[in-house]
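Here's a quick tour of one protein chain and its ligand. Have the structure open as you read.

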Amino acid sequence: MISSDFAPNENWDDAWISFKLLFQPWRWYYGKEIKKVKQKLFNLFKISNLKFKIALFLTGRAALYHLLKNLNLKPGDEILVQAFTCEAVVLPIIALKLKPVYVDIEPQSFSMNPIDLQKKLTEKAKVLILQHTFGITPIHKETILSFIKKHNLVLIEDIAHNINIKNQQSKIKKHFFLLSFGRSKALSSVFGGAIVGNEKKVMKKLKDLNLNQPSYSFIFKCLLYKPIVMLIKLTYNIFIGKMIHKAANFLGLFIPEITYQEKKGIFDLTFNKAYPNALAILLLHQLKKFDLMQKNRIQICDFYNKNIPNLPHPISNIPLLRYPFLSKNRNIIIQKAAKYNIFLGKWYDQVVAPKSLDLQKIGYSQGSCPNAQKVCEQIINLPTNVKIKEAKEIIKYLLLYSKHALYSKHALY
Ligand SMILES: Cc1ncc(COP(=O)(O)O)c(C=O)c1O
């Protein structure tokens, strides 16, 4: 089984650590690992913790919710956010009675288009969320930073997909980073999120929140996740994995990444909790091998670059969480590849994913971000945390079913 979505980050070493923790419930809530995780994250950013502080949460969406809540915003204040994103970014905005204003994207880094940004700006805009889609640094980042300074906005850099920020020295007065350690991100502790920020008062409020811990059964299921998915991945091609997957779902052993309530466009308080020590232990292990995983992602992206002909904007030397590929044959490619147990992703197949979300309810008017809408129809995500042998397989089916002529962004622009 090869998959962009299903446990792309887990391995047997992760599963073993998780399995052992199942029998050590006294380490689940509190322990020294929380502090260690914070220090390791600072090292990753290569920033000094004198200026920046960090606060951990059970999810990225909870982190964003509490950050926005503590920025002294008024109901109706506007948050500039790109289309081509997911509910986790938009629902906290709506839950706080703020207004998401959707900005169209450019086709190279799938991030905000500064021309559309200028058009969408009103006096009510207070915050800009700058998404690093798939881990790509937005190509217009410098222009957008100048825009933020000029209009005195708060900057939230959404680096949930991958942490690819080095030697951070911010010239923005109120500068925050949103991180996620969800199971489909580049660092997985099954669930997890953080805010790193340079505004002392806000960061102090976030650190003093004293949120409730998730329940024992929530943590138990998180710990069970890693061993079970490894068993599924190991035995998927011989059918047993499919049965285990079905059984785990039937028994409710997997906590959904997006809840039923969220799919209906309502912010779910289930995830609005503290980050437990058990998940910090899982994250510490992922952090230990992060450099290696990033190197592998770069190698695989370069392999895709070299072996997929006529790519209009090959992205090199970046450890992408997922490799974007556009094709008018998107649905056929995904369906056919799935027959060979290759599951390609669709982030994002709607301007605010998932597809079940009612766009009107979350304040998006059809046609207001045309580039994002087009990309949503054609995007395929290739996994990057795979072996070269697997990447070869993926390309084989990709080229076969995209019938050579139809793929690439040429089809789009
Ligand atoms: C762009 C982006 N930002 C933030 C998040 C929030 O992450 P979490 O799932 O930890 O709430 C996600 C989740 O998928 C995301 O895709």
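What follows covers the domains, one strand and the ligand shell, all in a predicted model.

## Two domains and their contact

The domain assignment splits the protein chain into domain 1 (12–207) and domain 2 (290–411). Their C-alpha centres sit 23 Å apart. Domain 1 puts 24 residues into the contact, and domain 2 puts in 26 residues.

On the domain 1 side, strand 4 (85–86), helix 4 (87–95) and strand 5 (99–103) each give at least two residues to the surface that touches domain 2. Sorted by class, that side of domain 1 has 14 nonpolar residues, along with six polar and four charged ones.

## Strand 10, well tucked in

Now for strand 10 (residues 322–326): five of its five residues are buried, so the rest of the structure largely encloses it. Side chains in a regular strand alternate between the two faces of the sheet. Here, Arg322, Pro324 and Leu326 point one way, while Tyr323 and Phe325 point the other way.

Strand 10 has a partner in strand 13 (residues 379–383); the two run antiparallel and are joined by five bridges. Across the pairing, Pro324 stands opposite Asn381 of strand 13.

## Around the ligand

Which residues are closest to the ligand? Of the 15 that surround it, the closest are Gly60, Arg61, Ala88, Ala160 and Ser180. By class, the shell has eight polar, five nonpolar and two charged residues.

Helix 3 (60–69), strand 4, helix 4 and strand 8 (175–180) each supply at least two residues of this shell. Strand 4 and helix 4 also turned up on the side of domain 1 that touches domain 2.

How values were computed. Residues are numbered from 1 along each chain as its sequence is written. This is a predicted model: local features need pLDDT of at least 70, side-chain atom pairs count only at pLDDT 80 or more; totals for chains, interfaces and linings use all residues. Domain bounds come from an automatic or database domain assignment. Two residues are in contact if their C-beta atoms, placed from the backbone, lie within 7 Å. Helices (H or I, at least four residues) and strands (E, at least two) are DSSP runs, numbered from the N terminus. Ala, Val, Leu, Ile, Met, Phe, Trp, Tyr, Cys and Pro count as nonpolar, Asp, Glu, Lys and Arg as charged, and the others, Gly among them, as polar. A residue is buried if 20 or more other C-beta atoms lie within 10 Å of its own, exposed if 12 or fewer, and partly exposed in between; C-beta atoms are placed from the backbone. Two strands pair if DSSP finds at least two bridges between them. A residue is near a molecule or strand if its C-beta atom, placed from the backbone, lies within 6 Å of it.
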